Amino acid sequence: MKQKRMAMFDVRGPGMKYSRPNFYSSKMHIPWERERASNTCTPDVEHYCFHLARSRPKFKQHFKNMYLDDETKRALVEVSNSVVALVSYIDKECRCGSGTIIESNDTMSIVLTSANIIRRALDVLKNDLPDNLKITVYLSGGESYVGDVLAYDYHYNLAAIKFQPETPVSVAKIAPIDDSLGVKLNPSSHVLQPHSNSYNLTPGDVVIAVGRYFYKKYDLMGACGAYCLARSTLDCKELFQTTCLITGCGDGGPMINYNGEVIGVIFHYSGLTPFMPINIAIKWWKYYKLYGRYRRPSLGIEATNFFAAGLGLIERVIMKFPDVCKGVIVERVIPGSSAHLAGLHENDVIFLCDGKPLQSFLEFLEIIWNKVGTWLWNSSWTSSWTPVIVS
């Protein structure tokens with residue numbers, strides 16, 4: 001049997017030497033191989049880019065982002081031209097992220113992004129702007145421009161970067177979120193009442209985190225996920241949570257819906273991906289434009305939507321007030337705050353605010369924002385009308 005196998009390979013003619021082919025040789029020609037472009041980068045630049053890309057990967061690092069469905073791609077294309085890549089340099093420290101063009105005129109364009117792009121990695125507790133900060137803005141076509149910090153606020157972790165493009169740029173479509181959702185005994189009578197010109201966002205709805213890569217070819221990145229009820233573990237309780245999986249290159253980019261409308265600003269964080277609702281981000285920016293300073297309204301409580309409360313509390317409230325299906329639940333009252341002095345308690349459900357039925361948590365925040373320095377009248381299921389000063 002051994003002799004027959006040797007005979008099968010012995011097809012040499014006289015004087016020919018037999019050599020077994022090396023299938024792992026780098027010199028072997030591979031079918032369908034195309035001619036590769038010549039490398040114009042120096043070895044030092046190639047080495048730097050290689051290690052930078054390994055430490056700052058694209059969204060495709062997560063397997064679920066490798067194959068996006070057609071509807072997601074259409075939404076990404078819709079917002080594509082208004083999504084930019086950002087790179088900042090603070091001495092020898094380099095940071096990258098993404099942003100959204102929210103305004104543009106003949107003199108400048110404004111990018112809304114995360115304040116992480118202007119922070120030093122080891123100075124997260126400092127509130128000042130670092131010295132020697134340089135920012136580069138990259139558009140979808142690869143054009144680069146010098147960016148300047150126009151406004152920043154570490155409280156909300158937001159920043160506005162201005163730059164001067166040579167040609168007109170696209171501005172993103174903004175859709176304020178309406179997060180109202182009721183809990184009622186009779187499901188057939190449950191009706192959503194979204195605000196005009198807003199996007200009704202309910203738990204389980206599909207959302208898309210968007211970013212742009214900071215290096216050639218400046219690819220658009222997308223990560224599909226769902227809006228969820230999980231509460232943020234960070235100090236900023238205004239954040240919403242999603243199951244999108246992104247990388248640091250997307251920090252500060254837009255969160256969009258299937259219409260390609262911007263509904264928030266995303267942040268890179270381990271676990272669930274948080275985002276700041278565009279309602280708050282735009283109010284922050286508009287207030288700064290008008291007054292040149294920041295507003296951080298507070299009642300001294302932490303709260304969320306009523307439908308996010310535990311089943312036991314919902315049952316007790318509904319049994320006592322059958323007509324109450326929406327509102328805001330108080331999760332924590334800060335000792336010594338105006339809310340504490342006014343008699344608000346943990347697990348209170350506020351269903352009337354400023355004399356009007358309260359629909360949602362975001363609506364509550366917007367009312368607070370507009371009432372800074374004034375008395376705000378609230379009514380909860382455990383107390384009658386309660387005046388609270390908004391600080």
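This report walks through the overall make-up of a predicted model, then one strand and its partners, then some salt bridges.

**The whole chain**

Let's start with the big picture. The protein chain holds 7 helices and 20 strands. It has 391 residues, and 45% of them are buried. If you take the contacts between residues at least 6 apart in sequence, 63% of those join residues at least 24 apart. As for the outside, the accessible surface adds up to about 21,900 Å², with 55% of it belonging to carbon and sulfur atoms.

**Strand S1 and its partners**

Now look at strand S1, which covers residues 83-90. Here 7 of the 8 residues are buried, so the strand is largely enclosed by the rest of the structure.

S1 pairs with strand S2 (residues 93-104) through 8 bridges, and the two run antiparallel. Want a spot to find on screen? Ala85 stands opposite Ser98 in S2. The two strands make a hairpin with 2 residues between them, and Asp91 in the turn has a positive phi of about 60 degrees.

S1 is also joined to strand S4 (residues 133-138), this time by 6 bridges, and again the pair runs antiparallel. Here you can look for Ile90, which sits opposite Leu133 in S4.

**Salt bridges**

A search of the whole structure turns up 4 salt bridges. Among them are these pairs:

| Pair | Closest N and O atoms |
|---|---|
| Glu78 and Lys173 | 3.2 Å |
| Glu103 and Lys289 | 2.8 Å |
| Glu302 and Arg332 | 3.2 Å |

Take Glu78 and Lys173, whose closest N and O atoms are 3.2 Å apart. This pair links distant parts of the chain: Glu78 is in helix H3 (residues 70-79), while Lys173 is in the loop between strand S6 (158-163) and strand S7 (177-178), 95 residues apart. Glu78 is partly exposed, at a relative accessible area of 46%, and Lys173 is partly exposed too, at 47%.

Next come Glu103 and Lys289, with 2.8 Å between their closest N and O atoms. Glu103 lies in strand S2 and Lys289 in helix H4 (residues 278-291), so the pair ties together parts that are 186 residues apart in sequence. With 25% relative accessibility, Glu103 counts as partly exposed; Lys289 also counts as partly exposed, with 45%.

Finally, Glu302 forms a salt bridge with Arg332. That pair links strand S15 (residues 301-305), home of Glu302, to strand S16 (residues 328-333), where Arg332 sits, and the two residues are 30 residues apart. Arg332 is partly exposed, at a relative accessible area of 38%.

Definitions and conventions:
Residues are numbered from 1 along each chain as its sequence is written. This is a predicted model: local features need pLDDT of at least 70, side-chain atom pairs count only at pLDDT 80 or more; totals for chains, interfaces and linings use all residues. Side-chain values use heavy atoms; hydrogens and water are left out. Helices (H or I, at least four residues) and strands (E, at least two) are DSSP runs, numbered from the N terminus. Buried means under 20% relative accessible area, exposed over 50%, partly exposed in between (1.4 Å probe, protein chains only). Contact means heavy atoms within 4.5 Å. Accessible areas come from the Shrake-Rupley method with a 1.4 Å probe; for residues, only the protein chains shown count as cover. Two strands pair if DSSP finds at least two bridges between them. A salt bridge is a side-chain nitrogen of Lys or Arg within 4 Å of a carboxyl oxygen of Asp or Glu.
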